[in-house]
Amino acid sequence: MKRKIVGLLLAVTMTIGIFAGCGSTPEAPSSGAAADTEKADTEAAGSETEASSGSGEEAEGSGAEDLTALRGNTAPTEEEIQLVNTTLNDTYLGDVFSEVIPNNYSAYPWKEEVTLDVWMANNSILSSVCPDLNDHRVFNQLEELTGIKLNFIVPALGEETTEFNLMIASGELPDIIIGADRYVGGIAAGVNEGAYMDLTDVLDEYMPNYAAWRNSDEERRKTTITDEGVVGGVYGIAPYNEWCWFGLLIKQEALDKTGLPVPETIDELHDFLVACKEQGYDQPLNYGSTYGQIFTGIINGAYGVWDWMFVDDNGKAAWGPGQEKAKEYLATMQSWYEEGLLNTDWATADFNQRMAEAVSDDCAVMMDSPDTMWGYWKEDNDIDFVAALNPVLTKGEQSRQTYRNFKKTGSVAAVTTQCKNVEAACAFLDFAYTKKGWEVYNYGTYGDVHLIDENGLPYFFAEGLMYNDPEGQPVSNLIWKYRIHDGADIRDEHNSNPLITAEGSYSGDIRDYWTKNMDSTLTMPPVTFTPEEAAREGELGTILSTMRNEYFSKIIMGQLPVDAYDEFLANAKAQGMDEFIALWQAALDRYNAR
Amino acid sequence: MKIKTRQNTGLRQTVDFKTALRKDLKKNSFAYLLLVPVLLWYIVFCYAPMWGVLLAFKDYKPLLGFGDSQWVGLKHFKDFLSGPYFVRTVKNTFMLNIWGLAFGFTSPIILALLLNEIKAMRFKKVVQTITYMPHFISLVVICGMIHIFTQSGGILTQLVDAVTGTEHASLLGYSNMFRPIYTFSGIWQNIGWDSIIYLSAMSSIDPGLYEAAEIDGAGRFRKMWHVTLPQIRPTIIILFIFAVGGLMASGHEKIILLYNPLTYETGDVIASYVYRRGLQEASYSFATAVGLISSLVNFLLLWFTNRVSRKYSEISIF
């Protein structure tokens, strides 16, 4: 009943809007802009005589007026802004990635009046900049461009999981769920248990852009399909592998004082730390983890003792803590701790303590994210820093790390089995994987939030709303307001996150440097488990991680001798280490066979 | 059931319970009406959800619903009981609670006894306010403070260094320190708050008893021992029974904020272990099974303590 009323109201506002036919600014309410869309469409089509529009088999953008002049234009006219924001003309956007983003707009504007119910969780930042998702400016623009109306169902803050599970349990599902991987057991379980639509067969017909984009690359294809070959979700897919975001960071002044170059090997790192200690850095290496290993394998990686599961050089699933050179690694760390090269309280310090140590004069080297340290070191304390690659054992060896997102990023959306209009739901989701969708999701509206540079890549200009919010909100909040920060779309984080592209910051450069210069082939891809496997994996995983955490931290702290590792390995084997690895191997085999 | 009532005539007469109830309902209908919300609350929130314990015997999947989820019998119980860390987590849960009983339960009583002796009202109020204070500070902040006090070079660490004569890294990194830190920080948090109930019990003691004791030549300590303590004994025993009933329970928040792999040996309790496991999979059934076991043990302990108490002190909660 409620839906009907909402739908009716929307229809009424639409009609009024069309009759009024008001010329409006880009910020105008949806009704006016919708009218504009139609007007502009007819104009665009008219100028090209018998152009594609209406017939629907060819992309509309390609036949429309050429707007390439907007590239590099810093002062577009009102009319141009209108044209960009309200039509499907995408000629001004460049092909900036290695794969061309599809632009099949034949489905838009949608052929009939439809309102879809979309379940999407809010978060504290998003709700502070946009209390009601139905008013989100990007979604409003998407509604206009696609001609598909949305009605958001938003769970209470902090109650997302509970409300999601209640919704699933109640059996009353909306049309689309964004963040569909909340389903216990993941997308595959959601499809198998009858909550989510199996989209495999309709993909090419209803979602031509998504189909083309996910098939544009082997990694994209593999990470967006279940082991059984079912496409159950619409995944956020990045145009590239996102940068590694964690590694070794060194204070520039420590390099200056010691006169040493950035260390490349474990031995060089050791000598550097000793030199730092002599220069008065009392606890030179902030060894940042409660159990002595970092997920990107900063020091342990040199010994092949990766943090957790990885794919070894033979393509087999392997468990880091059980590797051959583990004792060597532990012995090294134990002696470093004894020499006072690590921060004394590394095993117990919480985040605030670690950051307090980092900015103190005791610390020379951090293991952390350059984005975090940009804030704590550079912005707050004016400490410059440089990045080191993960050290290796012998000079010249390829540095390696285990972070890779396999181009899968953002959220997963699913069309539910109770969807009233599957075709429309698919069409709405599909729009995110068009060129225009990439622009709108990542960069918001044209003219007031972003402009287009010479290469046809959108950017946030200094006078734009992203840096001049009328409510004075910080950029870290605004990335949720003027664009979609976390959605099922082509997530262009490197170019469209102003926190990364911020002027003067070199944290993006560091991440780029790490990603380009370290080999990430050992990273375990996002495999999936069957529900039975998942239960066993969870059980064994908890036992093994408890064991590893305890033994490793005690050995490094010197509370246990290095030989205690043998006892650890024997215990791990007795508790099902091999079964655990076999579970991952099976999942990896299925993944590779996708 | 028969109830004996005494009629005005003085004759003893047995009246059927139903009749008596009906009569009473009529007579005191408004009093019963007041009872209804309370009863409803218990029915809706405490008794109705009880069938949910059956989840522990199933592999519950929300969409399949309760009926269609697979029945797995005792699988989750076996998983829990056969794990390598079962004994350790149970032991740690018990030990932390025993420490809590030994120190955390007695200290508010002692504080209340001491406060009761203070005659300067102003001073008493100041002490009370100061001891309440930590109760109102968020747990996360409390644990942040504990981290700072116990880090290498922190106030408490220096104190321990001075007493033992050896140098320590962060005290939270030693497994033999976890229980004292956990327990005594708990006392710091709650001593003032918990003493309120005893102070209120003491305020209702008849001053005549103290006068009588004084005449008999009792000093301060004697009065405390022979008058105050026996007078608040029922309060202490009732609270003790409840405390014992919570022996298997453990809040995981404070543990998770304070423990680390170095102190798993003494700090990893059932709740924190289940929490770590839950991070990897949302296993309703497993969590229910563990909760059920804990509740059963708690109930047995409560029942046992209650029985012992009824036998020896004639005070009991049921």
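Trainee: Which residues are buried in helix 8 (residues 155-164) of chain B?

Mentor: T157(B), V160(B) and D161(B) are. Keep in mind that this is a predicted model.

Trainee: What puts those buried residues on the same side of helix 8 of chain B?

Mentor: Their arc. They cover only 105° around the axis, so they lie on the same side of the helix.

Trainee: Which residues are exposed on the other side of helix 8 of chain B?

Mentor: I155(B), L159(B), A162(B) and V163(B). Exposed means a relative accessible area over 50%.

Trainee: What covers the buried residues of helix 8 of chain B?

Mentor: The cover includes helix 7 (139-150) and helix 9 (175-203) of chain B. Just after helix 8 of chain B comes G165(B), with a positive phi of about 80°.

Trainee: Why is T183(B) called buried?

Mentor: T183(B) sits in helix 9 of chain B. Its relative accessible area is 7%. The cut-off for buried is under 20%, so T183(B) qualifies.

Trainee: What is T183(B) in contact with, leaving aside its neighbours within four places in sequence?

Mentor: W99(B), G100(B) and F103(B). Contact here means heavy atoms within 4.5 Å.

Trainee: Now chain A. How do you know that C426(A) is in no disulfide?

Mentor: The structure holds 0 disulfides over all chains. For C426(A), the nearest cysteine sulfur is that of C419(A), 7.4 Å away. A disulfide needs the two sulfurs within 2.5 Å, so this pair does not count.

Trainee: Is C426(A) buried or exposed?

Mentor: Buried, because its relative accessible area is 0%.

Trainee: What makes C46(B) partly exposed?

Mentor: Its relative accessible area is 29%. That value lies between the 20% and 50% cut-offs, so C46(B) is partly exposed.

Trainee: What stands out in the phi of F406(A)?

Mentor: F406(A) has a positive phi of about 55°, although it is not a glycine. K407(A) also has a positive phi, near 60°, and is likewise a residue other than glycine. The place of F406(A) is in the loop between strand 10 (385-388) and strand 11 (408-415) of chain A. K407(A) is in the loop between strand 10 and strand 11 of chain A too.

Trainee: Why are F406(A) and K407(A) called buried?

Mentor: The relative accessible area is 8% for F406(A) and 12% for K407(A). Buried means under 20%, so both qualify.

Trainee: Where is the cis peptide bond that involves P109(A)?

Mentor: It joins Y108(A) and P109(A), with omega about -10°. P109(A) is found in the loop between helix 4 (78-86) and strand 1 (115-120) of chain A.

Trainee: How many cavities of 30 Å³ or more are there?

Mentor: The structure holds 7. The largest has about 100 Å³ of space.

Trainee: Which elements give two or more residues to the lining of the largest cavity?

Mentor: From chain A, helix 23 (531-557). From chain B, helix 4 (75-82), helix 5 (86-117) and helix 14 (270-278). Lining residues include E539(A), I543(A), D79(B) and R277(B). By class, the lining has 6 nonpolar, 2 polar and 3 charged residues.

Trainee: What is the volume of the second largest cavity?

Mentor: About 60 Å³. Its lining includes M120(A), F139(A), D486(A) and G487(A). The classes are 7 nonpolar, 1 polar and 1 charged. Gly counts as polar and Asp as charged, so G487(A) and D486(A) fill those two classes.

Terms used
Residues numbered from 1 in each chain as written. Chains lettered and ligands numbered in written order. Predicted model: local features only at pLDDT ≥ 70, side-chain atom pairs only at ≥ 80, totals over all residues. Heavy atoms only, no water. Buried < 20%, exposed > 50% of the residue type's maximum accessible area, 1.4 Å probe, protein only. 1 Å grid on protein atoms, 1.4 Å probe; cavity = no way out; pocket = protein on both sides within 12 Å on 5 of 7 lines; lining within 4 Å. Points joined across faces, edges and corners; volume = space filled by probe spheres on them. Helix = DSSP H or I, 4+ residues; strand = E, 2+ residues; numbered from the N terminus. Arc of directions from axis to C-beta.
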